[in-house]
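Student: I would like to know what stands behind the terms used for this model. Can we go through them one by one?

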Amino acid sequence: MASTEGGVKEAPRARTLSEEIYRRTGRQPARCYQCGKCSAGCPMAEETELRPHDILRMVGLNQADRLLTAKSLWLCAGCETCTARCPNDCDPASVIDELRSMAVAKQPDTLPRNLMAFHRSFLDQIRAHGRISELGLMVSYKLRTGSLFQDATAAPGMVTRGKLHLGAPSISGVEEVRAIFKACEEEER
Ligand code: SF4
Ligand code: SF4
């Protein structure tokens, strides 16, 4: 706690969202100069209310409440095109990913149920196999959302076209992947 000249102690200043992102990722969203190159290449830009340069701007304006409940965060495909195009090394993809983690940790009840179900199912698959099992992901998601039989008739066609693999061999480094999950969980406690 900082102290003033008269000996009265002041509460430490709360971190801004930009500072918190920097602490967590080492990326500096404050460096964004709104050139828009990230959004120009984003394949999801047409579908989202907030494009990557909007999100970086809102981080700069410390609009945590609005950002952490924004559906746009969850429509990001994680393709990293924005990061590759950014001339200023702001890494919008990592910033968005971190905002998602913060949203899950701080306001899980405000997030759309199906998005959370997909997010958790995806992570479960990575933890279990070190990779995605399409069938495992689909079953886990459907169990979480109670939509087990929705789209069920499409599954056989997807299997025959090679779009849905029934087996899910784990990667050879799956134990290292699980150790990363464990370390992250311990850090969050
Ligand atoms: S490309 Fe980089 S500097 Fe330009 S708007 Fe996007 S994040 Fe900001
Ligand atoms: S990582 Fe997300 S925000 Fe960035 S270009 Fe891909 S879809 Fe768009």
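Tutor: Helices (H or I, at least four residues) and strands (E, at least two) are DSSP runs, numbered from the N terminus. This is a predicted model, in which local features need pLDDT of at least 70 and side-chain atom pairs count only at pLDDT 80 or more, while totals for chains, interfaces and linings use all residues. Residues are numbered from 1 along each chain as its sequence is written, and chains are lettered from A and ligands numbered from 1 in the order in which they are written.

Student: Which helices each supply at least two residues of the shell around ligand 2?

Tutor: Helix H6 (81–85) and helix H7 (92–106) do. H7 gives the most, three residues.

Student: What makes a residue count as near ligand 2?

Tutor: Its C-beta atom, placed from the backbone, must lie within 6 Å of the molecule. For ligand 2, 14 residues surround it, and Cys 42, Cys 76, Cys 79, Thr 81 and Cys 82 are the closest.

Student: Which residues are closest to ligand 1?

Tutor: Cys 32, Cys 35, Cys 38, His 53 and Cys 86, out of 15 that surround ligand 1. H3 brings the largest share of that shell, three residues.

Student: Why is Leu 73 said to be in contact with Ile 96?

Tutor: Contact means that two C-beta atoms, placed from the backbone, lie within 7 Å. Leu 73 and Ile 96 meet that cut-off, so they are called a contact. Leaving aside neighbours within four places in sequence, Leu 73 also has contacts with Leu 99, Arg 100 and Ala 103.
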